[in-house]
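Subject: Handing over the structure

Dear colleague,

I am passing on the structure we talked about, and below it you will find my notes on what turned up. Please keep it open beside you while you read, since the notes go through it residue by residue.

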Amino acid sequence: LAADLTKQVPNNSWGGPVLAYVDTPYICRDCGKEEIWTADQQKWYYEVAKGSLYAKAVRCKACRALIAEQKRIQREQMANGDPR
């Protein structure tokens, strides 16, 4: 999938911009599940969300959702003065 270099964050490194996105396999660092970081997901992350060109997928969707829920609960507890 071709990259739109005008939509990527500025890159001042020797590595250069990402020119194309390809499906990339990875293993979730939390649960060990094998996943694919699709070219479409990469395009969205780098060009829409403006993520770092050095970032790579490391967690599956389920593990990311679990972390987000844990953070939500923690914020709620802190807002309510719960010291847990």
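I begin with P17, which at 41% relative accessibility counts as partly exposed. Please bear in mind throughout that this is a predicted model. P17 is placed in the segment before β1, and, when residues up to four places away in sequence are not counted, P17 touches L5, Q8, N11 and L53. Along the chain P17 and Y46 are 29 residues apart, whereas in space their C-alpha atoms are 10 Å apart.

**The overall picture**

With that starting point in hand, the whole chain can be described. The protein has 2 helices and 2 strands, and from the N terminus on these elements follow one another in the order β-β-α-α. The radius of gyration is 17 Å, well over the 12 Å that the globule rule gives for 84 residues, so the protein is more spread out than a compact globule. The C-alpha trace spans about 50 × 30 × 20 Å along its principal axes. Of the 84 residues, 18% count as buried. If you take the contacts between residues at least 6 apart in sequence, 44% of them join residues that are at least 24 apart.

**The two strands**

Strand β1, which covers residues 24-27, pairs with strand β2, which covers residues 34-37, in the antiparallel sense and over 4 bridges. Two of the partners are worth finding on your screen: T24 has W37 as its bridge partner in β2, and Y26 has E35 as its bridge partner in β2. The two strands form a hairpin with 6 residues between them, and in the turn G32 has a positive phi of about 80°.

**The aromatic residues**

How many aromatic pairs does a search of the whole structure find? The search finds 4 of them. In one of these, the ring centres of Y21 and Y46 are 5.8 Å apart and their planes meet at 15°, so the pair is stacked, given that planes under 30 degrees apart count as such. Y21 lies in the segment before β1 while Y46 lies in helix α1, so this pair ties together parts that are 25 residues apart in sequence. Both partners are buried: Y21 has a relative accessibility of 1%, and Y46 has a relative accessible area of 1%.

The rings of W37 and Y45 have their centres 6.1 Å apart and their planes at 65°, so this pair is edge-to-face, the cut-off for that class being over 60 degrees. Are W37 and Y45 buried or partly exposed? W37 counts as buried at 11% relative accessibility, whereas Y45 is partly exposed, because its relative accessible area is 28% and buried would require a value under 20%. Taken together, Y21, W37, Y45 and Y46 form one aromatic cluster.

Y45 deserves a little more attention. Its place is in helix α1, and, leaving aside neighbours within four places in sequence, Y45 is in contact with W37, K50, G51, S52 and A55. The C-alpha atoms of Y45 and E34, on the other hand, are separated by 20 Å, although these two residues are 11 residues apart along the chain.

**Q42 and its surroundings**

Which residues does Q42 contact, once its neighbours within four places in sequence are left aside? They are Y21, V22, D23, T24 and W37. Q42 sits in helix α1, which runs over residues 39-48, and Q42 is buried, with a relative accessible area of 6%. With T24, the side chain of Q42 makes a polar contact to the side chain, at 3.4 Å. T24 therefore appears twice in these notes, because T24 is also the residue whose bridge partner in β2 is W37.

**The second helix**

Helix α2 covers residues 61-79, and here a small check is possible: at 1.5 Å a residue its 19 residues should span 27 Å, and the C-alpha atoms at its ends are 27 Å apart, which agrees. After α2 comes G81, whose phi is positive, near 75°.

I suggest following the notes in this order on your screen.

With best wishes

Conventions
Residues numbered from 1 in each chain as written. Predicted model: local features only at pLDDT ≥ 70, side-chain atom pairs only at ≥ 80, totals over all residues. Heavy atoms only, no water. Pairing = 2+ DSSP bridges. Expected span 1.5 Å × (residues − 1). Buried < 20%, exposed > 50% of the residue type's maximum accessible area, 1.4 Å probe, protein only. Polar contact = N/O pair within 3.5 Å; in protein donor to acceptor, adjacent residues only side chain to side chain. Contact = heavy atoms within 4.5 Å. Phe/Tyr/Trp six-rings, centres within 6.5 Å; stacked < 30°, edge-to-face > 60°. Rg over C-alpha atoms; globule rule 2.2 N^0.38 Å.
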